[in-house]
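Here are some short exercises to work through with the model open in your viewer. Try each task yourself before you read its solution.

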Amino acid sequence: MKNVLVTGSAGFVGKNLVETLRLREDVSLTTFDIEDDRSVLSNALHKVDFIFHLAGVNRPKEEKEFRTGNAGLTEEIVGKLQKLERAVPIVLCSSTQAALENPYGESKRQAEEAVFAYSEETGSPVFVFRLPNLFGKWCRPNYNSAVATFCNNIANDIPIKVNDPNVTMTLAYIDDVVATFLDALNGKATVKDMYAVVEPQHTIKLGVIVELLNGFKASRNDLSVPDMSDPFCKKLYSTYLSYLPTDSFSYPLKMNVDDRGSFTEFLRTPERGQVSVNISKPGITKGNHWHHTKNEKFLVVSGCGIIRFRKIGSEEVLEYAVSGDKLEVVDIPTGYTHNISNTGETDMVTVMWVNEPFNSEIPDTFFQPV
């Protein structure tokens with residue numbers, strides 16, 4: 001069991017790290033944030049086995065708070081550890097700003113120097129991360145993250161302003177940051193030229209980010225699915241969803257209803273096809289058509305029925321019984337006219353996948369009774 005201290009535990013990085021550490025049975029966790037009594041920090045230093053020092057100041061009321069909140073607190077921690085003659089591994093959450101000559105950067109650089117000096121004095125390993133811009137769930141919008149602000153505003157129909165869409169940003173995703181921090185806890189962090197590094201990092205133009213976010217918003221109407229094969233797009237979409245208004249998690253679909261039941265498209269992608277939900281009333285048969293290239297998968301999830309096939313040019317009819325009591329996917333091969341009949345006494349619900357979204361100009365659907 002490792003006794004782990006996380007400072008800055010209520011911040012963006014801290015909250016994500018803390019909630020992950022709480023899932024581990026091999027960690028005893030102590031948290032410290034700016035509103036906590038200083039005794040919490042002092043007491044923890046007597047027993048702690050590892051420190052994630054994430055606390056810092058980046059938006060002070062007075063410039064001098066950079067010094068006290070960044071370098072000062074770090075010097076206090078390592079100073080107390082030295083007095084206790086304790087060599088404790090430390091992860092320091094620094095910033096790429098530490099390489100710049102501004103009050104914030106100088107205070108972060110001084111914090112780094114204090115940690116490196118502590119390591120040289122005690123022999124304890126330290127991992128100093130100069131983090132780039134971060135994004136992910138729980139990041140505060142309208143604070144110091146353009147991605148968080150854009151996600152929040154677009155999700156909540158608040159106008160955004162992009163001064164220069166060609167600005168290139170280097171970003172790291174919060175889950176990747178946490179995973180790298182946990183590598184450090186396990187002694188496996190990657191260190192290059194003194195500094196520990198988070199991988200992967202994503203380099204992308206601001207205008208592209210905004211374009212993706214607007215696409216995510218539109219996907220509720222056009223039923224598209226973002227390109228999850230792209231690592232950045234996948235992470236950005238997860239981030240965007242975390243900013244949805246709490247009364248807008250759901251959205252309606254267009255149900256095409258008639259006396260036979262209904263047909264409702266759910267999702268569509270250019271490369272993975274289309275998913276729909278079909279509801280058939282008792283005694284109803286739908287289909288009686290075939291395709292050259294288009295192919296489908298049917299899954300009855302409620303009710304019962306029969307799917308019938310007849311190969312074009314043949315008189316033999318094949319039958320497959322389907323039921324929500326036994327989930328079984330039925331492939332709909334090309335060159336077979338087919339239909340689906342509800343043989344039960346309740347509505348039959350079928351999830352249908354087709355390998356391409358419907359194109360009215362090339363429907364590839366030809367009527368012929370089974």
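**Exercise 1.** Find which residue of β18 E296 stands opposite, and place the two strands in their sheet.

*Solution.* Step 1: E296 faces I332 in β18. Strands here are DSSP runs of E with at least two residues, numbered from the N terminus, while helices are H or I runs of at least four.

Step 2: four bridges pair β15 (residues 296-302) with β18 in the antiparallel sense; two strands pair if DSSP finds at least two bridges between them.

Step 3: β15 is also joined to β20 (residues 348-354), again antiparallel, by six bridges. There, K297 has W353 as its bridge partner.

Step 4: the open sheet has six strands in the order β11-β12-β13-β20-β15-β18, paired antiparallel. Its edge strands, β11 and β18, each pair on one side only.

Before going on, a note on the source: this is a predicted model, in which local features need pLDDT of at least 70 and side-chain atom pairs count only at pLDDT 80 or more, while totals for chains, interfaces and linings use all residues. Residues are numbered from 1 along each chain as its sequence is written, and side-chain values use heavy atoms, with hydrogens and water left out.

**Exercise 2.** Sort the side chains of β18 (residues 329-332) by face.

*Solution.* Step 1: recall that in a regular strand the side chains alternate between the two faces of the sheet.

Step 2: V330 and I332 point to one face and are buried, where buried means under 20% relative accessible area, exposed over 50% and partly exposed in between (1.4 Å probe, protein chains only).

Step 3: V329 and D331 point to the other face and are not buried.

**Exercise 3.** Describe the second open sheet, the one with β14 in it.

*Solution.* Step 1: its five strands have the order β17-β16-β19-β14-β21, with antiparallel pairing.

Step 2: β17 (317-323) and β21 (366-367) are at the edges with a single partner strand each, so one side of each has no neighbour in the sheet.

Step 3: β14 (residues 285-290) and β19 (residues 336-342) pair over four bridges, and T285 stands opposite S341 in β19.

**Exercise 4.** Is α6 largely enclosed or largely open?

*Solution.* Step 1: nine of its 12 residues are buried, so α6 is largely enclosed by the rest of the structure. Among the buried ones are I174, V177, F181 and L185.

Step 2: just after α6, G187 takes a positive phi of about 75 degrees.
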